[in-house]
Amino acid sequence: INIFGGSSTIEQVDIKINRNGTIEIPGISAIGIGGLTLEEARKLVNNRVGAEFLGATTTISVTEFRSMKIFVLGDAYQPGSFTVSSLTTISNAMYVSGGVSEKGSLRNIQLKRNGEVIQTYDLYDLLLKGDTSKDSRLLPGDVIFIPILKKVVRIQGAVRRPALFEMKQDETLSDLLELSSGLISESVSSSSELNRVNKDASIREIRKINAQSRENLSMIMKDGDIVNIPSIKALDELNIRLTGQFKFPGTYSVKNGEKLSDILKRCGGFTKNAYLYGAVFTRKSVADIENASYQTTADSMETE
């Protein structure tokens, strides 16, 4: 605490907060600041000091935080007890313990106090949304318990964030699409596929779904589901390059089933200076095979 002006002879004093939540400045009776925010404590101390030493003002800074012991248990990467700062939150404790193991749940992290679950924390809120509103402060003796992972679903294809996601018991395809940040503009939602385990027949079944229909969006996801969203790009991903004596040379996209003659029509045909008998057709896959063959031959000759 720094004291400026007034009748005080003290300029600076380092004080620890007592166990009963009070501080004692020389010449002033005890001031109770337990349970106050730092800003509230600043106002209270400034008012008391100004009343005792006329005209004096104060500034307060925290130099050392109280330490406490907490426990991170369950499927944590490094479970155990940890000594942390009194300002530690759930996410801070997760960081100290190395995070969640591969078998642990990211969405059902339990904060236990005196043997009771007082809060469940969804780490996706922080990782995917940047929401820290439920990142509660911990108290001495708190236990963070990470239960085992129960349901995962993979979404792949034409979505903005294809990945393996943990799903809660009642979450739907709509929730899965939200976790993956939605469909990209090239998606073909009407031709989507759902790959699901049929436990009765002990096989995987693949069925076609519309990922944008109201009926399918409300469908509850099951553990092991795989959702595949095809894209227009996947159906039209071939490009060829025309160089030389074409009327409109350049790069052209090729649809499934198109022939070289179709591309020649689209480029306007040949110029009058074209020498058709000298045309060269190259294909990358064939070039790769030839290069591999050359390398094999070279290796064989070197060995001999």
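Trainee: Which residues of β14 make its covered face, and which its uncovered one?

Mentor: In this predicted model, V227 and I229 lie on the covered face of β14, while I226 and N228 lie on the uncovered one. In a regular strand, side chains alternate between the two faces of the sheet.

Trainee: What makes β12 and β14 a pair, and in which sense do they run?

Mentor: Two strands count as paired when there are at least two bridges between them. β12 and β14 have 3 bridges, in the antiparallel sense, so the criterion is met. L194 has V227 of β14 as its bridge partner, and V227 belongs to the covered face of β14.

Trainee: How do you know that strand β10 is joined to strand β14, and how do the two run?

Mentor: Strand β10 (residues 152-157) and strand β14 (residues 226-229) are joined by 4 bridges and run parallel. Since at least two bridges are required, β10 and β14 also count as paired. The bridge partner of G157 is I229 in β14.

Trainee: Why is the pairing in the sheet of β11, β10, β14, β12 and β13 called mixed?

Mentor: The order of this open sheet of 5 strands is β11-β10-β14-β12-β13. β10 and β14 run parallel, whereas β12 and β14 pair in the antiparallel sense; the pairing is accordingly mixed.

Trainee: What makes β11 and β13 edge strands?

Mentor: β11 (163-166) and β13 (203-209) each pair on one side only. On average, neighbouring strands of this sheet are turned by 20° against each other, direction ignored.

Trainee: Why do β6 and β8 stand at the edges?

Mentor: These strands belong to an open sheet of 5 strands with mixed pairing, in the order β6-β5-β9-β7-β8. β6 (80-85) and β8 (116-121) each have a single partner strand, so one side of each has no neighbour in the sheet. Neighbouring strands here are turned by 30° against each other on average, direction ignored. Within this sheet, β5 and strand β9 (residues 143-146) pair in the parallel sense over 4 bridges, and G74 has I146 of β9 as its bridge partner.

Trainee: What is notable about the phi of S181 and of S202?

Mentor: Most residues other than glycine have a negative phi. S181, although not a glycine, has a positive phi of about 70°, and S202 likewise has a positive phi, of about 55°. S181 is found in the loop between α4 (173-179) and β12 (192-198), and S202 in the loop between β12 and β13.

Trainee: Why is S202 called exposed, and why is S181 called partly exposed?

Mentor: Exposed means over 50% relative accessible area; S202 has 65%, and therefore qualifies. S181 has 34%, which falls between the limits of 20% and 50%, so S181 is partly exposed.

Trainee: Why does V62 count as partly exposed?

Mentor: The relative accessibility of V62 is 43%, which again lies between 20% and 50%. V62 sits in the loop between β4 (57-59) and β5 (67-74). Together with L38, F65 and L87, V62 makes a nonpolar surface patch of about 330 Å².

Trainee: How do you know that the protein chain is more spread out than a compact globule?

Mentor: The chain has 8 helices and 16 strands. Its radius of gyration is 34 Å, well over the 19 Å that the globule rule gives for 304 residues, so the chain is more spread out than a compact globule. Its C-alpha atoms fill a box of roughly 105 × 60 × 60 Å along the principal axes. Of the 304 residues, 31% count as buried, that is, under 20% relative accessible area.

Notes. Residues are numbered from 1 along each chain as its sequence is written. This is a predicted model: local features need pLDDT of at least 70, side-chain atom pairs count only at pLDDT 80 or more; totals for chains, interfaces and linings use all residues. Side-chain values use heavy atoms; hydrogens and water are left out. Axes are lines fitted to C-alpha atoms, for helices over the stretch in contact, and angles run from 0 to 180 degrees between N-to-C directions. Patches are made of residues with over 30% relative accessible area and no salt bridge: like charges are joined within 9 Å, nonpolar side chains (Val, Leu, Ile, Met, Phe, Trp, Tyr) within 5 Å. Accessible areas come from the Shrake-Rupley method with a 1.4 Å probe; for residues, only the protein chains shown count as cover. A salt bridge is a side-chain nitrogen of Lys or Arg within 4 Å of a carboxyl oxygen of Asp or Glu. Buried means under 20% relative accessible area, exposed over 50%, partly exposed in between (1.4 Å probe, protein chains only). The radius of gyration is taken over C-alpha atoms; the globule rule is 2.2 Å times the number of residues to the power 0.38.
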